[in-house]
Amino acid sequence: MADILRHVQPLEPLELQILDAQGCVLVEDVTAAVALPPFDNSSMDGYAVRTADVVDATEESPAVLTVIGDIAAGSGRLPTIRFGEAARIMTGAPLPPGADTVVPVEWTDGGAGGGPATAMRAHSAAPEGAGGEVRVHRPAEARQHIRPRGGDVSAGAPVLSAGTVLGPPQIGLLAAIGRATVRVRPRPRVVVMSTGSELVPPGTQLGPGRIHDSNSFALTAAARDAGAIAYRVTAVADDAASLRTAVEDQLLRADLVVTSGGVSVGAYDVVKEAFSGDVTAPADRPPEQRAETDTGPDTEPAEEPGAEPDEKAESGPAATAHPGPGRVDFRRLAMQPGKPQGFGRIGPDSTPLLALPGNPVSAYVSFELFVRPAIRALMGFAPDGRETVRAICPEGIASSPEGKRQFLRGRYTDGVVTPVGGPGSHLVKALADADALIVVPEDTTSVPPGSEVEAILLR
């Protein structure tokens with residue numbers, strides 16, 4: 001992952017409309033151009049009055065005031081409240097001159113006479129409520145039920161700092177202080193495509209040897225979940241020239257390209273053929289002609305029974321740590337599932353490309369470990385996005401391949417994680433039932449029942 005992150009830089013900031021900036025990282029400090037609230041206003045539906053007029057009010061001896069009008073939220077012209085007067089005022093409406101407190105309607109008779117009111121009648125149904133008299137049954141302290149100007153934020157005060165992730169509350173704050181746009185690191189545009197002549201889209205009848213393309217849908221959804229703007233491309237057949245053309249056509253709208261399939265050792269592994277350069281050089285060439293990264297013949301032990309094709313050992317030279325533009329380097333990683341991986345930079349803008357295995361579980365686990373951190377890095381986040389916890393595994397894990405870090409699907413609840421399904425990287429149902437990845441280290445070949453394990457929460 002460190003090699004990938006060295007080549008993934010945060011995107012250049014953009015000035016975006018505040019709704020388009022949701023989920024993005026702020027790159028500027030924001031101060032309030034106006035106070036919040038911008039004027040003294042009522043926090044209750046009631047009556048704006050002078051404290052001195054209601055200081056002795058009781059239910060037995062209410063203060064009787066003359067109602068001189070209504071003040072609704074948004075009112076511009078305000079009446080002045082003088083001795084013995086009141087104005088009916090609504091929540092959020094500005095406090096009128098002369099008034100220094102608000103009595104809730106429940107402390108009055110609502111202008112109808114009799115006992116305490118429970119609510120005001122609608123102005124359209126009872127316009128007379130804006131006049132007449134009101135009886136106030138309780139005293140009110142000065143400034144009671146009033147939201148003071150600048151009580152939340154004073155004009156010129158800092159409200160958001162650079163590095164803040166803009167969620168709904170922050171978007172609301174920006175709108176409240178009058179900001180229509182803000183400068184952020186934008187969400188990256190991620191293009192996702194599957195490879196394989198056997199793939200057909202959902203909703204299409206399957207022919208002989210065909211399967212539905214699930215990877216591109218799962219990975220597109222995962223990219224969106226990670227915060228990206230994701231585009232799914234129709235699956236590309238096993239033809240290197242067609243794949244190169246398809247990828248080149250997408251570079252104009254891509255900050256990151258993600259492919260699945262075609263990265264193993266088969267004769268139709270089209271991603272390797274299209275982007276890896278000379279990966280078929282004979283292993284017995286003279287030592288002076290080998291690349292510095294060549295490791296010679298593959299000496300890794302055979303995979304345990306049940307391993308998926310995209311997890312089998314690859315032949316040929318190992319990948320370089322610093323891929324150049326136009327080349328994707330492929331590696332054999334000590335992990336299961338998802339052993340074969342590819343990463344490089346392609347096109348005139350050196351767009352990062354991550355080539356994932358084709359089996360569904362391998363592709364998804366690889367996304368969580370490599371693509372999600374890359375998306376976060378492009379957005380200016382710290383790359384670690386998923387919560388990792390220690391949890392008890394009551395069932396234990398019978399076996400895990402030595403020398404490989406295994407990521408098993410699991411269900412996590414209240415400090416307990418239980419494996420879901422088997423280790424096969426084609427088990428889509430088990431993946432859908434999981435909400436965690438159980439991590440078994442390279443030097444662990446089994447986990448006794450009741451042991452504590454590491455779990456990556458997928459939620």
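Select strands β13 (residues 189–195) and β17 (residues 256–260): they run parallel and are joined by 5 bridges. This is a predicted model. Pick methionine 193 next; its bridge partner in β17 is threonine 259.

**Helices on this sheet**

Add helix α4, residues 215–225. The helix packs on the sheet and touches β13, β16, β17 and β21 (351–356). The direction of α4 makes about 170° with that of β16.

Now add helix α7, residues 360–379. This helix also packs on the sheet, where its contacts are β13, β17, β20 (340–346) and β21. Between the directions of α7 and β21 the angle is about 165°.

**The six-strand sheet**

Show every strand of the sheet under these helices. In what order do the 6 strands lie? The order is β16-β13-β17-β21-β20-β18, in an open sheet with mixed pairing. Go to the edges: β16 (229–236) and β18 (327–332) each have a single partner strand, so one side of each is left without a neighbour in the sheet. On average, neighbouring strands here are turned by 20° against each other, direction ignored.

Stop at phenylalanine 330. Lysine 272 lies over the face of this ring, at 5.9 Å from the ring centre.

**The five-strand sheet**

Move to another open sheet, built from 5 strands. Trace it as β8-β5-β7-β6-β9; the pairing is mixed. Which strands stand at the edges? They are β8 (101–104) and β9 (133–136). Each has a single partner strand, so one side of each is left without a neighbour in the sheet. From one strand to the next, the twist averages 40°.

Inside this sheet, select β6 (residues 63–71) and β7 (residues 85–89). The two pair in the parallel sense, over 4 bridges. Highlight valine 67 and look across to β7: alanine 86 is its bridge partner.

Next, select arginine 138 and tryptophan 107. The arginine lies over the face of the tryptophan, at 4.0 Å from the ring centre. How many aromatic pairs does the structure hold? The count is 0.

**Cysteine 393**

Jump to strand β22 (residues 388–393), where cysteine 393 lies. Buried or exposed? Cysteine 393 has a relative accessible area of 0%, so it counts as buried.

Display what surrounds this residue. Leaving aside neighbours within four places in sequence, cysteine 393 is in contact with Val417, Pro419, Pro448, Pro449, Gly450, Ser451 and Val453. Take serine 451 from that list: it is 58 residues from cysteine 393 in sequence, yet 5.6 Å away in space, C-alpha to C-alpha.

**Glycine 209**

Go now to the loop between β14 (199–200) and β15 (211–212), the place of glycine 209. Its relative accessibility is 66%; the cut-off for exposed is over 50%, so glycine 209 counts as exposed. Draw a distance from glycine 209 to leucine 199, which is 10 residues away along the chain. Their C-alpha atoms are separated by 9.2 Å.

**Zoom out**

Switch to the whole chain. It has 8 helices and 26 strands. Of its 459 residues, 46% count as buried. Turn on the surface: the chain exposes about 21,700 Å², and carbon and sulfur atoms supply 53% of that area. Finish with a contact map. Of the contacts between residues at least 6 apart in sequence, 70% join residues at least 24 apart.

Definitions and conventions
Residues are numbered from 1 along each chain as its sequence is written. This is a predicted model: local features need pLDDT of at least 70, side-chain atom pairs count only at pLDDT 80 or more; totals for chains, interfaces and linings use all residues. Side-chain values use heavy atoms; hydrogens and water are left out. Buried means under 20% relative accessible area, exposed over 50%, partly exposed in between (1.4 Å probe, protein chains only). Contact means heavy atoms within 4.5 Å. Accessible areas come from the Shrake-Rupley method with a 1.4 Å probe; for residues, only the protein chains shown count as cover. Rings of Phe, Tyr and Trp (its six-membered ring) pair if their centres lie within 6.5 Å; planes under 30 degrees apart count as stacked, over 60 as edge-to-face and the rest as tilted. A charge sits over a ring if NZ of Lys or CZ of Arg is within 6 Å of the ring centre and within 35 degrees of the ring normal. Two strands pair if DSSP finds at least two bridges between them. Axes are lines fitted to C-alpha atoms, for helices over the stretch in contact, and angles run from 0 to 180 degrees between N-to-C directions.
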